[in-house]
Number of protein chains: 4
Amino acid sequence: MQQGFLIQVECPDKPGLVAAVAEALAGAGANILDLAQHSATERSLFLLWARVEAPVDAAALERGLAPLAQRLAMRVRVHPSSRRPRVAVLASRTGHCLYELMLKHADGHLACDFVGVASNHPDLEAAARHFDLPFVHLPHAGDQAAHEAALQAQLRAWDAEIVVLARYMRVLSPAFTAQWPERLLNIHHGFLPAFSGARPYHQAWDKGVKMVGATAHFATAELDAGPIVAQDVLRVSDRSSVEELVERGKDIERRVLVEALRLVLERRVFVHQGRTFVLE
Amino acid sequence: MQQGFLIQVECPDKPGLVAAVAEALAGAGANILDLAQHSATERSLFLLWARVEAPVDAAALERGLAPLAQRLAMRVRVHPSSRRPRVAVLASRTGHCLYELMLKHADGHLACDFVGVASNHPDLEAAARHFDLPFVHLPHAGDQAAHEAALQAQLRAWDAEIVVLARYMRVLSPAFTAQWPERLLNIHHGFLPAFSGARPYHQAWDKGVKMVGATAHFATAELDAGPIVAQDVLRVSDRSSVEELVERGKDIERRVLVEALRLVLERRVFVHQGRTFVLE
Amino acid sequence: MQQGFLIQVECPDKPGLVAAVAEALAGAGANILDLAQHSATERSLFLLWARVEAPVDAAALERGLAPLAQRLAMRVRVHPSSRRPRVAVLASRTGHCLYELMLKHADGHLACDFVGVASNHPDLEAAARHFDLPFVHLPHAGDQAAHEAALQAQLRAWDAEIVVLARYMRVLSPAFTAQWPERLLNIHHGFLPAFSGARPYHQAWDKGVKMVGATAHFATAELDAGPIVAQDVLRVSDRSSVEELVERGKDIERRVLVEALRLVLERRVFVHQGRTFVLE
Amino acid sequence: MQQGFLIQVECPDKPGLVAAVAEALAGAGANILDLAQHSATERSLFLLWARVEAPVDAAALERGLAPLAQRLAMRVRVHPSSRRPRVAVLASRTGHCLYELMLKHADGHLACDFVGVASNHPDLEAAARHFDLPFVHLPHAGDQAAHEAALQAQLRAWDAEIVVLARYMRVLSPAFTAQWPERLLNIHHGFLPAFSGARPYHQAWDKGVKMVGATAHFATAELDAGPIVAQDVLRVSDRSSVEELVERGKDIERRVLVEALRLVLERRVFVHQGRTFVLE
């Protein structure tokens with residue numbers, strides 16, 4: 001019986017790689033349904049994404065691709081389409097990102113299972129419950145290490161694979177972010193790398209910028225400097241108050257966060273030396 | 001010695017086509033440098049674009065792909081990158097599209113050779129000459145058939161392969177457009193299919209639309225209804241006069257026209273049953 | 001005690017109108033906090049919007065402006081900011097527009113009171129209740145006149161002043177729309193005036209357009225031809241399926257509908273001879 | 001005989017200012033044709049822009065407004081529309097910004113007189129001459145002070161009022177920029193405040209940003225930190241090379257620079273504590 005897979009391939013660039021991968025997939029019994037590739041000559045980097053179907057399971061497909069991977073120093077990842085990643089949400093008080101995630105998920109736009117919402121505030125419990133999602137209130141009692149330990153325990157209890165920071169308003173420690181490499185997706189309410197840190201809309205207003213932005217990135221040890229997954233901007237009038245920038249910004253934040261999660265779930269995001277390459 | 005080629009493949013969709021094409025290209029000695037494909041399930045249509053290099057000439061490469069093409073009812077087109085298409089421009093009085101074409105060409109953004117400008121008015125002669133381009137004034141003496149015959153003769157004399165209507169203000173007859181299937185690129189100053197025909201900015205103003213657009217399309221027998229290659233819009237304020245819409249529109253027209261020509265030259269445009277599929 | 005007002009002025013254009021209105025407002029004791037005006041010379045039309053505060057009530061302010069209005073054939077409307085319009089929602093099965101309205105309202109972005117949701121389907125009851133909004137199921141039993149009579153009765157019972165069609169999937173009769181001139185706001189899932197009528201995304205896909213749009217307009221007797229209040233587009237790839245156009249379209253629909261309602265509530269929308277002028 | 005004027009008013013905010021200005025203008029015999037105002041409550045700042053006509057000259061109009069200005073600590077500027085500012089261009093090797101300025105000027109979109117192009121390289125002479133513009137080659141012989149003295153002498157000889165840096169590739173000294181407060185318009189090929197300084201496209205590529213931008217700002221003593229007049233972005237694919245970012249960036253640079261000059265010429269730009277307020 002045919003099963004669907006998403007394939008990610010990453011290796012040093014050289015001629016003939018598309019054909020080599022296509023041949024190896026065919027040899028492993030897989031039909032390519034959709035394929036995107038890119039050679040980043042700036043870094044001699046070859047990237048390939050494919051959606052395939054094959055009459056075998058993931059382990060068999062990986063075994064079929066192993067000789068090629070070994071010969072060409074390739075990193076090959078095989079993701080069965082039937083296995084929907086388990087995604088947890090960390091939030092605080094404002095619900096716009098949480099609602100957006102839930103609504104797009106209900107529409108079938110996000111191929112994952114949301115496993116729960118953990119928050120340092122109780123405000124979003126009704127929202128989570130409305131979408132039949134477990135909600136856990138983990139208050140921050142002043143001890144960051146204890147708080148993060150509670151978060152980790154909850155995420156483990158949920159068996160979460162990806163964590164979305166949906167305007168979670170605490171800076172997480174390097175020890176925490178190190179547990180979730182390329183799996184901890186944050187939304188920053190500014191057009192990074194400008195306006196990193198606190199109060200980006202106030203910073204933007206004071207500079208008189210003509211557009212506000214939002215940036216979804218993987219959280220790393222360095223605040224707001226992790227690889228950028230998605231970003232977008234909205235034009236704003238100079239008549240806007242800071243409050244209006246915030247309001248406009250919320251619209252672009254939730255849009256960008258959902259877009260970034262979609263790209264991650266479709267396995268279109270490659271991380272290499274501090275930046276992403278998104279293949280669409 | 002390696003030569004570059006752009007390959008276009010088009011056929012009924014079925015599984016395994018990417019691998020089949022990749023294998024046939026490898027068998028013909030070609031290395032795939034870049035590849036994009038799409039299966040339009042709405043029409044059971046498979047489309048593939050590739051940039052390859054091979055140590056053979058175009059004829060040899062085509063022969064190498066012929067068995068595959070025959071077996072799978074594929075339309076395969078092989079374009080040597082070294083052969084820059086000869087592009088003629090038809091214009092009238094306003095120069096914004098002509099300048100944009102020339103400036104982007106000078107920047108190396110358009111991989112073609114411009115062979116000349118023919119116009120029913122003398123106004124743009126200095127502009128053409130500034131860019132070392134032949135200019136021919138072919139006035140319209142009231143007889144459309146005679147005018148079009150003169151145009152055709154000039155285009156033949158230039159050995160033109162693609163013709164760009166850069167705000168050429170005459171409606172061409174079906175007899176003329178039939179000579180240039182998928183090779184006659186027009187810019188319409190409106191967001192087609194809305195506002196086809198004359199005075200689209202006046203139409204747009206009267207409807208109070210909130211954005212003006214421009215559409216580059218292949219000209220066909222039916223006015224402004226040919227396959228759309230590129231389009232874009234600009235937001236406009238309701239305070240805009242018709243003249244301001246026209247002025248804003250000129251900016252978007254020239255941008256869209258150049259973008260469309262780039263896509264055509266990169267062989268990324270497929271036409272199927274009245275619409276295009278642009279593979280990027 | 002100071003009260004806030006939104007003022008709309010509309011009259012034939014002539015010199016000196018800004019000063020005349022400013023003077024009349026000052027004479028009536030009103031301070032101008034914010035003012036926007038436009039002279040649409042194409043129609044010799046003068047439009048002015050102002051946000052003012054005054055130590056009187058609306059009736060007194062209107063009396064103060066009456067002599068000016070009479071002298072210059074002005075239409076002057078005075079809206080007390082403290083009186084939030086009562087807005088009813090008509091919906092069917094899909095909830096994306098309803099959620100967007102509720103969430104932006106909860107954020108304080110829409111200065112109105114939502115009074116209830118009426119629907120020809122039961123699907124959205126939980127969504128309405130989540131936001132503490134009355135929900136009434138008015139099934140369509142095949143008789144359009146009876147259905148519309150039930151809708152009107154419900155809207156009257158709610159004392160609704162503005163009605164938002166949040167993807168309500170029934171065509172309303174001219175008799176119905178005539179009851180709600182400039183107060184019945186519809187969202188069309190296409191870039192009007194292109195793609196009016198049914199299945200606009202299928203129409204758009206078949207034409208191969210490069211962007212999908214949405215248009216909020218006042219519903220009138222003629223289907224999808226009422227004055228346009230807001231519209232926007234999203235760029236789409238030619239790889240998109242019709243389903244993906246629909247999904248992208250839902251994002252732009254809800255955004256445009258909320259934007260249009262905001263403009264209506266801020267009294268920035270003027271309707272004149274089939275089009276709007278939005279003063280911002 | 002009626003003459004046109006553009007009026008800029010700037011003062012501490014308080015109630016009644018619109019009416020006060022409108023009354024003073026009427027008292028000075030001026031008819032308001034168009035008016036925009038904004039109260040930036042963050043800074044208790046009132047700004048007003050108006051287009052008026054009056055049967056007097058600028059000096060008389062200024063005298064008429066002087067009592068009001070004095071009473072309310074207003075800065076009032078009166079610009080006769082008939083006096084087109086004299087604008088000089090400084091450029092280096094790449095012509096895309098220069099052509100854009102010339103073409104939009106030829107279209108009547110920029111209400112100024114261009115007086116000449118000065119450059120540290122000879123490359124753009126033919127372009128300047130094509131538009132009948134004086135071109136002066138002022139080579140940089142290694143001595144920045146001498147070079148800037150030559151530039152200043154030339155700008156004085158031209159009697160320039162505004163200077164546009166159209167990709168002029170030298171950093172100007174604080175002594176130079178101090179001569180041209182709010183009159184020296186620069187285009188930076190990045191989305192400021194991100195990517196200031198050299199090679200912004202390389203910086204952007206290395207960060208993997210999803211859009212490239214351009215920023216027109218008034219040059220000040222601090223490099224790339226002057227008040228922002230206009231900015232815009234273009235979405236870029238992660239498949240883009242640095243060269244493609246540069247090419248895309250050139251399109252947005254020229255567009256933003258022309259837009260900024262238009263706003264400056266229409267006197268819509270107010271500078272206050274390091275940022276601009278653009279009233280449209």
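**Chains A and D**

I started with the copies: chain D lands on chain A after a rotation of 180 degrees with 0.0 Å of shift along the axis, at an RMSD of 0.0 Å. The two are thus related as by a two-fold rotation axis. I kept in mind that this is a predicted model. Next I checked which surface each copy uses, and the same one serves both: 100% of the contact residues of chain D recur in chain A. Which residue of chain D comes closest to the rotation axis? I found D:Ala194, with its C-alpha at 2.3 Å.

**The sheet in chain A**

Then I traced an open sheet of seven strands in chain A, and I wrote down the order S7-S6-S5-S8-S9-S10-S11, with mixed pairing. S7 (135-137) and S11 (228-235) are the edge strands, each pairing on one side only. From one strand to the next I get an average twist of 20 degrees.

I zoomed in on one pair in chain A: S5 (residues 86-91) and S6 (residues 113-119) run parallel and are joined by six bridges. There I noted A:Ala91 opposite A:Ser119 of S6(A).

**Helix H3 and chain C**

What lies across S5 and S6 of chain A? I see helix H3 (residues 96-106) there, and H3 also crosses S8 (162-165) and S9 (184-188) of chain A. Against S5(A), H3 runs at about 155 degrees.

Last, I looked at the contact between chains A and C, which takes seven residues from each. H3(A) turns up again, giving the most to the chain A side with three residues. Sorting that side by class, I have two nonpolar, three polar and two charged residues.

Methods
Residues numbered from 1 in each chain as written. Chains lettered and ligands numbered in written order. Predicted model: local features only at pLDDT ≥ 70, side-chain atom pairs only at ≥ 80, totals over all residues. Pairing = 2+ DSSP bridges. Helix = DSSP H or I, 4+ residues; strand = E, 2+ residues; numbered from the N terminus. Axes fitted to C-alpha atoms, helices over the stretch in contact; angles between N-to-C directions. Contact = placed C-beta atoms within 7 Å. Nonpolar A, V, L, I, M, F, W, Y, C, P; charged D, E, K, R; others polar. Least-squares fit on C-alpha atoms with pLDDT ≥ 70 in both.
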